[in-house]
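Here's a quick briefing to read with the model open beside you. It goes topic by topic, starting with charged pairs.

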Amino acid sequence: MATASAVDHPKMADEEVSAALPVSTEAKKRRAPKAPELPIVERRNWLIHQHYIRKDYDTCKAIIKEQLQETNGTCEYGIYVQALIMRLEGKIQQSLELFQSCAILNPSSADNLKQVARSLFLLGKHKAAIEFYHEAARLNEKDWEISHNLGLCYFFIKDLKHAEEQLNIALRINKHDKTFMMLGKVHLLAGETDKAAEVLRMAVEFSPENTELLTTLGLLFLQLGKYQKAFEHLGNALTFDPNNYKAILAAGSMMQTHGDFDVAMSKYRVAACAVPESPPLWNNIGMCFFGKKKYVAAISCLKRAHYMSPFDWKVLYNLGLVHLTMQQFASAFHFLSAAINLNPRMGELYMLLAVALTNLEDVENATRAYEQAATIDESNPLVNLNFAIFLYNHGDKKATLDQYQEMERKVNLLRDSNSTFEFDPELMDMAQKMGAALQVTEGLVWTKPGKDSKSKPNSGAASNAPGPPLGTNQALGQAMSSAASYSKNLQQPSGRNDRCGL
């Protein structure tokens with residue numbers, strides 16, 4: 001019956017269906033509001049945003065183009081995103097012009113002014129960027145990004161006072177690792193190493209797992225000669241990131257400085273896996289081989305470092321030093337001359353060049369090199385000792401005495417500044433022989449022998465038996481080898497020449 005009844009009824013008309021619906025439902029349908037129409041300027045903003053955050057830049061630019069055509073170029077958000085894409089593509093000038101258009105459309109927006117300033121900064125127009133950042137700061141006073149970037153701009157124009165002021169304001173607004181790091185660089189550039197260390201210490205307290213901060217602070221302590229603190233912070237950095245090659249390189253160089261060449265080499269093997277093409281790494285490996293007296297291996301590693309970084313004067317210095325040790329004086333002259341061209345304000349380079357020229361029997365140029373070394377250098381007594389030996393060689397006793405007295409003055413300055421400073425025993429022995437030859441042994445500044453000089457003659461013994469003639473190549477070679485070991489102690493606070501990884 002049910003089936004027959006269903007078949008017998010004809011199909012209901014649309015009007016009948018509508019009438020059959022409940023009244024409340026039909027009324028609700030008639031009263032349902034329509035979706036609001038977005039203004040034409042903002043109609044596609046959501047779609048532009050979606051494609052931008054997905055990094056679908058081609059589609060994003062196509063939508064922006066349509067939007068700008070519809071709005072006659074008045075869509076601020078479309079222009080803003082297009083400028084961001086231009087900057088990502090490296091078109092900084094075009095992005096600047098677009099951000100300027102945004103600033104004209106909406107002059108009360110601090111974000112638009114910040115982006116104009118950022119583009120100017122990337123173009124190297126730091127003073128113009130500062131003006132725009134100050135304008136943005138008037139619209140938004142408590143913005144960490146504005147203060148941080150102002151500090152960055154002042155840093156690049158070498159206005160360190162204002163840079164420090166703005167970075168401190170940024171830190172008061174919001175503590176951030178980048179700001180701490182930048183403020184530390186400002187103090188270092190100003191020569192305020194203690195303040196830089198304090199800033200980095202505060203940064204490590206704020207972000208104790210930041211390996212970059214830990215490594216930087218460790219390197220700073222290393223330059224200040226605080227080896228225990230340096231090793232502690234570098235160790236912490238390696239705890240959080242065992243493959244941090246900067247920390248590995250620094251820790252290895254510390255061990256290398258103290259003569260633990262095998263342990264340092266084991267560290268460098270780990271670093272070589274992370275950065276096999278690092279010039280400082282191969283430079284340090286080469287100097288480890290030099291310390292182990294494996295000179296051929298040292299030259300091989302140093303030449304690899306030189307191939308990867310041909311304008312690094314420290315690598316050239318080390319190549320000259322190794323060739324000088326091997327008595328390959330022409331090669332030493334080649335590398336030392338190249339190092340001097342890159343760093344003409346280092347007296348020790350001229351001294352080693354003079355040693356090479358002396359052995360090449362070029363007395364005139366050797367004299368000039370020694371004079372230049374003595375003029376430039378202000379702290380290394382070895383420069384004056386070698387010059388004194390050279391002058392004694394050629395019979396100029398008056399000038400020899402002048403250089404010897406200058407050497408004694410530098411030694412006294414070093415002892416006054418650091419009472420625990422230890423001089424190289426070979427340097428002391430050579431100075432005693434020089435004093436005996438000049439008959440000034442009574443006034444020698446070295447009265448305390450070094451650790452390894454118990455078997456060496458004291459100043460009185462040297463006066464009676466001055467040893468081999470001072471003019472021999474062997475004596476000059478001894479003085480030269482002292483340069484390698486002595487400068488390791490002397491120049492530790494400012495970084496070793498044979499550890500350019502720091």
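R409 and E406 make a salt bridge in this predicted model, with their closest N and O atoms 2.5 Å apart. The two sit three residues apart in helix α25 (residues 397–417), so about one helical turn separates them. The bullets below take in more charged pairs, then aromatic rings, the nonpolar core, two buried helix positions and the annotated repeats.

**Salt bridges**

- Take R409 first: at 39% relative accessibility, R409 counts as partly exposed, because the buried class stops under 20% and the exposed class begins over 50%.
- E406 is also in the partly exposed class, with a relative accessible area of 25%.
- A separate group, made up of D111, K114, D143 and E145, is tied into one network by salt bridges that share partners.
- How many salt bridges turn up in a search of the whole structure? The search finds 18.
- R201 has a salt bridge to E198, at 2.3 Å from N to O.
- R201 also meets E205 in a salt bridge, this one at 2.4 Å, N to O.
- R201 and E198 are three residues apart in helix α13 (residues 193–206), so they are separated by about one helical turn.
- E205 lies in helix α13 as well, four residues from R201, which is again about one turn of the helix.
- Are these side chains buried or exposed? R201 is partly exposed at 32% relative accessibility, E198 is partly exposed at 35%, and E205 counts as exposed at 55%.
- As a rule, side chains of opposite charge can pair when their charged atoms come close.

**Aromatic rings**

- Searching the whole structure gives eight aromatic pairs.
- One of them is Y52 with Y57, a tilted pair with 6.0 Å from centre to centre and 45° between the planes.
- Why is 45° called tilted? Stacked needs planes under 30 degrees apart and edge-to-face needs over 60, so this angle falls into the remaining class.
- Y57 is partly exposed, with 23% relative accessible area.
- Another pair, Y370 and F387, is stacked, with centres 5.2 Å apart and 10° between the planes.
- That stacked pair links distant parts of the chain: Y370 belongs to helix α23 (residues 363–376) and F387 to helix α24 (residues 381–393), with their positions 17 residues apart.
- Both partners are on the buried side of the cut-off, with Y370 at 0% relative accessibility and F387 at 5%.
- F121, F155 and F156 come together as one aromatic cluster.

**The nonpolar core**

- Which residues have the most contacts inside the largest nonpolar core? They are I285, L349 and L385, in a core of 126 residues.
- Helix α22 (residues 347–359) gives the most to this core, supplying nine residues.
- Looking past residues up to four places away in sequence, L385 touches M407, L427, M430, A431 and M434.
- In soluble globular proteins, nonpolar side chains tend to be buried together.

**Two buried helix positions**

- L167 sits in helix α11 (residues 160–173) and is buried, with a relative accessible area of 0%.
- Setting aside residues up to four places away in sequence, L167 touches S147, H148, G151, T179, M182, L183 and V186.
- L152 is 15 residues from L167 in sequence, and the C-alpha atoms of the two are 8.2 Å apart in space.
- Q115 is found in helix α8 (residues 110–122).
- At 15% relative accessibility, Q115 counts as buried because the cut-off for that class is under 20%.
- What does Q115 contact, leaving aside its neighbours within four places in sequence? Its contacts are Y80, L84, R87 and F99.

**Annotated repeats**

- According to the UniProt annotation "repeat: TPR", from an unreviewed entry, the repeats cover residues 110–143, 177–210, 211–244, 313–346 and 347–380.
- Residues 177–210 are 79% helix and 0% strand, and the C-alpha atoms at the ends of this span lie 8 Å apart.
- Residues 211–244 are likewise 79% helix and 0% strand, with 8 Å between the end C-alpha atoms.

Notes:
Residues numbered from 1 in each chain as written. Predicted model: local features only at pLDDT ≥ 70, side-chain atom pairs only at ≥ 80, totals over all residues. Heavy atoms only, no water. UniProt positions renumbered as here; feature names shortened; annotations may be inferred. Phe/Tyr/Trp six-rings, centres within 6.5 Å; stacked < 30°, edge-to-face > 60°. Buried < 20%, exposed > 50% of the residue type's maximum accessible area, 1.4 Å probe, protein only. Contact = heavy atoms within 4.5 Å. Core = buried A, V, L, I, M, F, W, Y, C linked by side-chain atoms within 4.5 Å. Salt bridge = Lys/Arg side-chain N within 4 Å of Asp/Glu carboxyl O.
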